Amino acid sequence: WLNGLLRTIFFIPVLLSPLATGYIFRGLLAPGGTLNAALSLLTGQPVRVAWLGEPDLALPILSLIQAWKGVGFTTLIYLAGLAAVPKELEEAARVDGASTRQVVTKVKLPLLAPALTANLVLTLIGSISAFDIVLATTRGGPGRSTTVLNLELYQQFANGLYGMATAVNLVVFALIVLAAVPLMVFLRRREVQL
C-alpha cells in the first residue's frame, strides 16, 4: 500500500495543469504568500521576500517548480524500466556471487539506459519549450530575467509581429532538433541490448 501511495503522491503534480501550477506557486511565493507566512512563524519575525521578484532567484525557482511538476512522469518511466529488467538476470548475478551493489550497478543500471535516454530527451525538450509556468508566475520578469523563447514568441505574436514570432518559433524548433537528436543518438549507442 505504501508503494501505491508514494506513486500517487509523486504523480499528482503531473496531473495538474501547468497554468494552475503556476498560479498556485505565484500565490505561495508572493510577498504576502504562504511561504513567507510560514517563515514568519518559524523565525518569529515578519518575512516579506518577493521570491519571484528577485532576478537572481526567479529563474532557479521556476526551474524547481518545473522539476517538481515533471518528477512524477520521470519516476514513472524509471519504474517501468525497472519492471522491464528480467528477474532471471538478477538471480543469475546473485548465483554468480554478486553483491546487492554489484547487481544494481552492473545489471539494473545498464538496463535502465533506455529509460534514462527517454527522460533526458523529454526533459531537454520540455526545458527548451517551457512556457505555461513562466507565463502564470512571472510573465518573463522581473525585468526579462525569466523570459524564455516561447514567452518571447507569445509576446511577439500578441504584438502583431507575426514574422518575428515565426522566426522565434523556427529557432525553438531548430534548438530542439539540434539538441535532442544528437543527445538521443549518443545515449542510444550506450544502451545495453538484451
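How many residues apart are Arg94 and Glu90 in helix H5? They sit 4 residues apart, which is about one turn of the helix. Keep that pair in mind while you set up the viewer.

This is a predicted model, in which local features need pLDDT of at least 70 and side-chain atom pairs count only at pLDDT 80 or more, while totals for chains, interfaces and linings use all residues. Residues are numbered from 1 along each chain as its sequence is written, and side-chain values use heavy atoms, with hydrogens and water left out.

**Stop 1: Glu90 and its partners**

Select residues 87-95 to bring up helix H5, the home of Glu90. Helices here are DSSP runs of H or I with at least four residues, strands are runs of E with at least two, and both are numbered from the N terminus. Now click on Glu90: its relative accessibility is 16%, so it counts as buried. For the whole tour, buried means under 20% relative accessible area, exposed means over 50%, and partly exposed is anything in between, with a 1.4 Å probe and protein chains only.

Next, show what surrounds Glu90. Apart from neighbours within four places in sequence, Glu90 is in contact with Val103, Val107 and Lys108; contact means heavy atoms within 4.5 Å.

Add Arg94 to the selection. Its side chain meets that of Glu90 in a salt bridge, 3.9 Å from N to O. The term covers a side-chain nitrogen of Lys or Arg within 4 Å of a carboxyl oxygen of Asp or Glu. Side chains of opposite charge can pair when their charged atoms come close. Arg94 is partly exposed, at 39% relative accessible area.

Then pick Lys108. Glu90 forms a salt bridge with this residue too, and the closest N and O atoms are 3.6 Å apart. Glu90 is in helix H5 and Lys108 in helix H6 (residues 100-111), so this pair ties together parts that are 18 residues apart in sequence. Lys108 is partly exposed, at 23% relative accessibility. Show the three residues at once and you have a network of salt bridges linking Glu90, Arg94 and Lys108.

**Stop 2: another salt bridge**

The structure holds 3 salt bridges, so jump to Arg144 and Glu152 for one of them. Their side chains meet at 2.6 Å, N to O. What about their surroundings? Arg144 is exposed, at 54% relative accessibility, whereas Glu152 is buried, at 17%.

**Stop 3: the largest nonpolar core**

Select Phe25, Leu29, Trp51, Leu52, Ile61, Leu62, Ile65, Ile133, Val134, Leu135, Val148 and Leu151: these 12 residues make the largest nonpolar core. Helix H4 (55-83) and helix H8 (132-137) are the elements that give two or more residues to this core. A core of this kind is a set of buried Ala, Val, Leu, Ile, Met, Phe, Trp, Tyr and Cys residues joined through side-chain atoms within 4.5 Å.

Zoom in on Leu29. Setting aside neighbours within four places in sequence, Leu29 is in contact with Leu35, Val49, Trp51, Leu52, Ile61 and Ile65.

**Stop 4: aromatic rings**

There are 3 aromatic pairs in the structure. One of them is Phe25 with Trp68, an edge-to-face pair with 5.3 Å centre to centre and 70° between the planes. This pair links distant parts of the chain: Phe25 is in helix H2 (residues 18-28) and Trp68 in helix H4, 43 residues apart. Phe25 is buried, at 17% relative accessibility, while Trp68 is partly exposed, at 37%.

Move on to Phe157 and Tyr162, which are also edge-to-face, at 5.0 Å centre to centre and 65° between the planes. Tyr162 is partly exposed, with a relative accessible area of 49%. To pair, rings of Phe, Tyr and Trp (its six-membered ring) need centres within 6.5 Å; planes under 30 degrees apart count as stacked, over 60 as edge-to-face and the rest as tilted.

**Stop 5: a last look along helix H4**

Finish with Leu57 in helix H4. Leu57 is partly exposed, at 32% relative accessibility. Draw a line from its C-alpha atom to that of Ser99, 42 residues away along the chain: the two are separated by 44 Å.
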